[in-house]
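This report describes selected local features of one chain, moving from side-chain contacts to strand pairing. Please keep the sequence and the coordinates at hand while reading.

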Amino acid sequence: MNGWRRVERRADAHLLHSYTHKRYYFSEMKPWQRYSHIPHQSAFNEKDVFQYYMGKYQQDSGDRVWTLPETYRLEDEGERAAFVRRLEDGGGMDTPWVLKKPRVNQGRGITMLGPRSPELAHAVRNATEEMAAAPRTAPKYIVQRYVCRELTIRRRKFDFRVFWMVASLDPLVVLYHDGYVRIGNSDYDESDFSSTTAHLTTHTGLASEGKGSWADLEAVLAEYHADNRDSNPILGRVADPMVHVRNQVKQALGQLAAAFREPTFNTASLPFAENGFGIYGADFILDQDLDAWFIEPQGGCGLDEDWQFRIDMHNSIFGSMGNVVEEVVDRQERGLTLDHLESLGAYEVVYNDGWMYKYQGYERSQNKKGCELSGRSADNGETKPKESGDGEATGEAAK
């Protein structure tokens, strides 16, 4: 970071950074110090809380959050009843679902509920009984509709993680940064839900997951788009697949900032420091229409440096981090606004004091196809399009 030097005493540091969240730092900070965590950041990292505030934002603002899968919080009586109606009268038994424990990560606490399976039929009863038996300690389950027709890389599931930075809490400024790809290690088959592990991308225990750079993802999308845009009218309306995907993600992160502005992104919980910042992650998957789905934000974003592209990515993320924090402090000391920050590097602004990035003209199709159950689409029997990787390699990095 330009012009920065490391000091030994925390009391002398202008910028404090740690991978883990050390809450006691806040009570010892001076007004001019900045620490790379926010007191209540765990809220958006808990799946049930994340769904609650994103849903509340959508209801209160009228701004459609396209990237959220259909979700029900089984702890909530109204949402639990709505899910039962969805199963009994809304075709929900013919759809795969994912049951999640909301406060664990790395693939733990996830159960696939296949269409018309006993697990799906009894999911509400079993979860309700578990929560009633131990109301203070039992998981507050959520259930999400499975994202059908996922885009794959050489028939393997993948997701991608992007990074976002809260550059300032007062006013709230949130930035976006490209990330990387994580590739599963088993063939993807959405007609078989007998194994939860087979439907996970990471932490499966089967083998090491693959990794890919953002450039690898761009190549995958370009190949897939070129092969399928003539047969899929939705893809035919997409000019640049990478820009299309990135714009959806940027809008979703802007909506996240708006949704958590009051409960998390504020200075009320900072006892002494005048402002704060933080760097976080967010995980998405894509379907065959190149629609992005927001799986979850991450309060802790893994920083392994097992590939050179990750080292380069981290240099970009953290090199610009210090410069942005420095510019924010300097501008606020001089009474200037935080509009048009000049030290962003590879970051882009997605939220600034009420302004939010919008993907203009984007609306998600209301006639999306269902899962390919037993080799045929659940709704109209159409076959799968050609997937990326049927021909030449796409740049997947195998660990």
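Over the ring of which residue does the charged end of R364 sit? That ring belongs to W293, and the charged end of R364 lies 4.6 Å from its centre. A charge is taken to sit over a ring if NZ of Lys or CZ of Arg is within 6 Å of the ring centre and within 35 degrees of the ring normal. The charged end of K250 likewise sits over a ring, that of Y357, at 4.4 Å from its centre.

The model is predicted, so local features need pLDDT of at least 70 and side-chain atom pairs count only at pLDDT 80 or more, while totals for chains, interfaces and linings use all residues. Residues are numbered from 1 along each chain as its sequence is written, and side-chain values use heavy atoms, with hydrogens and water left out.

**Aromatic contacts**

A search of the whole structure finds 21 aromatic pairs, where rings of Phe, Tyr and Trp (its six-membered ring) pair if their centres lie within 6.5 Å, and planes under 30 degrees apart count as stacked, over 60 as edge-to-face and the rest as tilted. Two of these pairs are set out below.

| Aromatic pair | Centre to centre | Angle between planes | Geometry |
|---|---|---|---|
| F44 and F260 | 6.2 Å | 85° | edge-to-face |
| F160 and W214 | 5.8 Å | 75° | edge-to-face |

The pair of F44 and F260 links distant parts of the chain, with F44 in helix α2 (residues 42–45) and F260 in the loop between α9 (241–259) and β11 (278–286), 216 residues apart. Helices (H or I, at least four residues) and strands (E, at least two) are DSSP runs, numbered from the N terminus. F44 is buried, with a relative accessible area of 0%, and F260 is buried with a value of 0% as well; buried means under 20% relative accessible area, exposed over 50%, and partly exposed in between (1.4 Å probe, protein chains only). F44 and F260 also belong to one aromatic cluster, whose other members are Y52, Y53, W164, F265 and Y280.

In the pair of F160 and W214, the edge-to-face rings are 5.8 Å apart, centre to centre. F160 lies in strand β8 (residues 156–169) and W214 in helix α7 (residues 214–228), so this contact ties together parts that are 54 residues apart in sequence. Both F160 and W214 are buried.

**Strand β8 and its partners**

Of the 14 residues of β8, 13 are buried, so this strand is largely enclosed by the rest of the structure. Strands count as paired if DSSP finds at least two bridges between them. Two bridges join β7 to β8, which run antiparallel, and T152 stands opposite K157 in β8. The hairpin of β7 and β8 has two residues between the strands, and in it R154 takes a positive phi near 50°. R154 is partly exposed, with a relative accessible area of 32%.

On the other side of the sequence, β8 and β9 pair in the antiparallel sense over eleven bridges, and a hairpin joins them through two residues. Here L169 has L172 in β9 as its bridge partner. The peptide bond from D170 to P171 is cis, with omega near 0°, and P171 is placed in the loop between β8 and β9 (172–187). A further antiparallel pairing, between β8 and β11, comprises seven bridges; in β11, G278 is the bridge partner of V166.

Most residues other than glycine have a negative phi, and most peptide bonds are trans. Besides R154, another non-glycine residue with a positive phi is L290, at about 60°. L290 is located in the loop between β11 and β12 (292–298) and is buried, with a relative accessible area of 0%.

**The disulfide**

The structure holds one disulfide, a disulfide being a pair of cysteine sulfur atoms within 2.5 Å. C148 and C371 form this bond, with their sulfur atoms 1.9 Å apart. The torsion about the S-S bond of C148 and C371 is about -90°, so the disulfide is left-handed. C148 lies in the loop between β6 (142–145) and β7 (152–153) and C371 in the loop between β14 (355–356) and β15 (372–373), so the pair ties together parts that are 223 residues apart in sequence. Both C148 and C371 are buried.
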